[in-house]
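The exercises below are to be worked with the sequence and the 3D model open. Try each task before reading its solution.

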Amino acid sequence: MPDIVGFRAKIAVIVPSTNTMVETDFNRVFGIPGVTFHAARMYFEDPTLDSNDAFMRLLDRVDRAFETAVRDVLTCEPNYLVMGMSAPTFWGGRAGNAAFLQRARRLCGIGVTTGAEACSKALEALGARRIAVLTPYQPIMRAQIVRYFEESGFTVVRSIDLQCPSATAIAAVTPDELRGVLREIDSPDVDAILQAGTNLSMVRLAAEAEGWLGKPVVAINAALAWHAYRANGFDDRLYDCGRLLSNY
């Protein structure tokens, strides 16, 4: 018997316990009829991200927290799973993402979308090869993101880190602050701008910025939703979320 609300699909979304943006974006911005999203939170006691060492300590906790979150959310019998934390999916470049995907699929037994794969597929669909990358992270994580894209055949023309002091502080970055950053990393030799970090509120701003920059601006949460929908055969178009979800 199909779920009376999620009669097309129930999608599990794994998020850090510190994240406030993924659930908001998926439920308020990306909803389509018959598809529901069901969050499971990975518990992180300390959200500190104010140094490379602090970032590594947080990532060290992901494996066990991810396994527990997947165990819990599978009880609602989802049809698909989205990893709503980007950092672990970029770590180790393409091989690291492939290993994460393999482990995730083994744990849940259903299809999985990761931020790394979703972003690269989104950029390919948009025809972008030369990109600028915006992250809320420390340099150690940005280096891994750049590595992933370079190994995937993209040229990262420039990148910038906001170096937010904690995972929760990422959600406090304002659109006004981000507008200046987008203009700073843009240039005529950039085909598209990619924003990583799922707790950074960028979906509406990215769609707006495409108008005044004249090029694609990919917010990672939009890429996650787009990839999950298309992987499940849903071709619904969403507007006011950027050209990725409206045109591809």
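At 9% relative accessibility, Gly34 counts as buried, where buried means under 20% relative accessible area, exposed over 50% and partly exposed in between, with a 1.4 Å probe and protein chains only. This is a predicted model, in which local features need pLDDT of at least 70 and side-chain atom pairs count only at pLDDT 80 or more, while totals for chains, interfaces and linings use all residues. Residues are numbered from 1 along each chain as its sequence is written, and side-chain values use heavy atoms, with hydrogens and water left out.

**Exercise 1. Surroundings of Gly34**

Task: find where Gly34 lies and list its contacts beyond four places in sequence.

Solution. Start with the secondary structure: helices (H or I, at least four residues) and strands (E, at least two) are DSSP runs, numbered from the N terminus. Gly34 sits in the loop that joins α1 (21-29) to β2 (35-42). Next, apply the contact criterion, heavy atoms within 4.5 Å. With neighbours within four places left aside, Gly34 is in contact with Val5, Gly6, Phe7, Arg8 and Ala9. Finally, take the C-alpha distance to Ile4: the two residues are 30 apart in sequence and 8.3 Å apart in space.

**Exercise 2. Positive phi**

Task: for Gln163 and Asp240, give phi, then the loop and the exposure class.

Solution. Begin with Gln163, a non-glycine residue with a positive phi of about 50°. Gln163 is in the loop between β6 (155-161) and α8 (175-185), and its relative accessible area of 42% makes it partly exposed. Then turn to Asp240, also not a glycine, whose phi is positive and near 70°. The loop holding Asp240 runs between α10 (220-231) and α11 (243-247). At 60% relative accessible area, Asp240 is exposed.

**Exercise 3. Cysteines**

Task: why is Cys76 not bonded to Cys108?

Solution. Recall that a disulfide is a covalent bond between the sulfur atoms of two cysteines. The search counts a pair of cysteine sulfur atoms within 2.5 Å, and over the whole structure it finds zero disulfides. The cysteine sulfur closest to that of Cys76 belongs to Cys108 and is 12 Å away, so it is too far for a bond. As for exposure, Cys76 is partly exposed at 28% relative accessible area, whereas Cys108 is buried at 10%.

**Exercise 4. The nonpolar core**

Task: how many residues are in the largest nonpolar core, and which have the most contacts inside it?

Solution. A nonpolar core is a set of buried Ala, Val, Leu, Ile, Met, Phe, Trp, Tyr and Cys residues joined through side-chain atoms within 4.5 Å. The largest one has 95 residues, and Ile14, Phe30, Phe149 and Met202 have the most contacts inside it. The largest share of this core, eight residues, comes from α10. For one of the four, check the neighbours: beyond four places in sequence, Ile14 touches residues including Ala40, Met42, Phe66, Leu81 and Met85.

**Exercise 5. The largest pocket**

Task: what is the volume of the largest pocket, and which residues line it?

Solution. The grid has 1 Å spacing over the protein atoms alone; a cavity is a set of points where a 1.4 Å probe fits but cannot get out, a pocket is an open set with protein on both sides within 12 Å along at least five of seven lines, and lining residues have an atom within 4 Å of a point. Grid points are joined across faces, edges and corners, and a volume is the space filled by probe spheres set on the points. The largest pocket comes to about 170 Å³. Its lining consists of Met56, Leu59, Asp60, Val62, Asp63, Pro88, Trp91, Ala99, Phe100 and Arg103. Two or more of these residues come from each of α2 (52-60), α3 (62-73) and α5 (93-108). For the classes, Ala, Val, Leu, Ile, Met, Phe, Trp, Tyr, Cys and Pro count as nonpolar, Asp, Glu, Lys and Arg as charged, and the others, Gly among them, as polar. The pocket lining divides into seven nonpolar, no polar and three charged residues.

**Exercise 6. Cavities**

Task: how many cavities of 30 Å³ or more are there?

Solution. The search finds two. The largest cavity has a volume of about 160 Å³ and 17 lining residues, with Pro16, Met85, Tyr137, Ala167 and Ile170 nearest its centre. Its lining has ten nonpolar, seven polar and no charged residues. The second largest cavity has a volume of about 60 Å³.
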